[in-house]
Amino acid sequence: MKRDGSTESWGNIEMTEEWIRIAQTNPHRIHFIMPFTLQQLGDVSGKVILDLGCGEGGYSRELARKCAIVTAVDCAENAINYCIAKAEEEHLTISYHVRNSCDLQDIDNDTFDNVLSSMMLMDCEDFEGTVKEIVRVLKPNGKLFASVCHPCFHSSGGIGRQGKGIDRQVLVSNYYQPTEWEAPLSSGTVKVVWRHRTIQDYVKTFIKCGLTITDVHEPIPTEEQAETDVNIAWMQKIPIFLFWELKK
């Protein structure tokens with residue numbers, strides 16, 4: 001596997017074990033990000049799908065349950081080992097690879113109907129290289145479904161938080177400065193590398209690599225979702241996730 005700062009940070013054993021634990025209970029993921037993403041993917045039966053940056057494999061398993069033909073990739077070998085064990089428990093057929101997202105070696109051109117990249121693109125050190133690989137492995141007219149931390153409201157160095165709960169505020173001191181920093185996940189202890197990119201960084205790279213933006217979403221939580229967690233309720237005022245749909 002091609003190694004860089006992202007794979008060293010997110011692929012270490014302590015980080016992976018922490019994320020596997022957090023993923024089981026994280027309210028944003030369980031009650032908001034995953035339901036919206038699966039809704040946007042729609043009927044996946046028979047579709048050939050790449051889950052890029054699969055983490056603990058929750059999306060891959062759900063897509064396989066829905067009769068998609070799934071390949072899953074992550075840079076963390078122990079995460080992939082966990083995914084394999086969980087898929088075997090459920091007798092699900094999923095192909096797994098340990099790869100850097102910017103170097104999908106041994107995966108053929110024009111392979112996938114859809115690529116799913118949930119909450120991963122903002123973490124790539126080689127963002128352009130990753131998008132080029134996504135375009136390469138997508139079939140003609142294939143689609144990329146991607147979500148990222150919202151560049152306008154979720155960052156560090158130039159964008160921060162003040163207060164707690166439903167009345168917290170976003171403070172923006174410098175949106176334009178590309179930023180890289182280390183910090184643990186919100187409910188974690190292991191530091192990982194985070195990166196800030198502007199919206200134009202994303203758009204210009206997508207276009208340069210041959211993708212067409214077909215839709216963008218800043219979904220508002222439903223009342224039912226808001227009742228699950230105050231941090232989700234706050235998202236009825238501030239979007240902290242941005243969802244892209246793009247076509248090759």
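**Exercise 1.** Determine whether Ser 9 is buried or exposed, and describe its surroundings.

*Solution.* Ser 9 has a relative accessible area of 9% and is therefore buried, a class that means under 20% relative accessible area, with exposed over 50% and partly exposed in between (1.4 Å probe, protein chains only). Next, locate the residue: Ser 9 lies in helix α1 (residues 5-10), where helices (H or I, at least four residues) and strands (E, at least two) are DSSP runs, numbered from the N terminus. Finally, list its contacts, meaning heavy atoms within 4.5 Å: leaving aside residues up to four places away in sequence, Ser 9 touches Met 15, Lys 191, Val 192 and Val 193.

This is a predicted model, in which local features need pLDDT of at least 70 and side-chain atom pairs count only at pLDDT 80 or more, whereas totals for chains, interfaces and linings use all residues. Residues are numbered from 1 along each chain as its sequence is written, and side-chain values use heavy atoms, with hydrogens and water left out.

**Exercise 2.** Work out which strands β2 is joined to, and how the chain passes between them.

*Solution.* Strand β2 (residues 69-74) is mostly covered, five of its six residues being buried. On pairing, which requires that DSSP finds at least two bridges between two strands, five bridges join β2 to the parallel strand β1 (residues 48-52), and Asp 51 stands opposite Ala 72 in β2. Five bridges also join β2 to strand β3 (residues 94-98), again running parallel, with Thr 71 opposite Ser 95 in β3. The chain then crosses from β2 through helix α5 (residues 77-89) to β3 in a right-handed β-α-β crossover, the term right-handed being used if, with the strands pointing away from the viewer, the path from the first strand over the helix to the second runs clockwise. A right-handed β-α-β unit is likewise made by β1, helix α4 (residues 58-65) and β2.

**Exercise 3.** Explain why helix α6 (residues 127-137) is described as largely enclosed.

*Solution.* Eight of the 11 residues of α6 are buried, so the helix is largely enclosed by the rest of the structure. Among these buried residues are Phe 127, Gly 129 and Ile 134, and the buried residues of α6 pack against β1, β4 (112-118), β5 (138-149) and α7 (199-208). At the start of α6, a side-chain oxygen of Asp 126 comes to within 2.8 Å of the backbone nitrogen of Gly 129.

Technical notes:
Polar contact = N/O pair within 3.5 Å; in protein donor to acceptor, adjacent residues only side chain to side chain.
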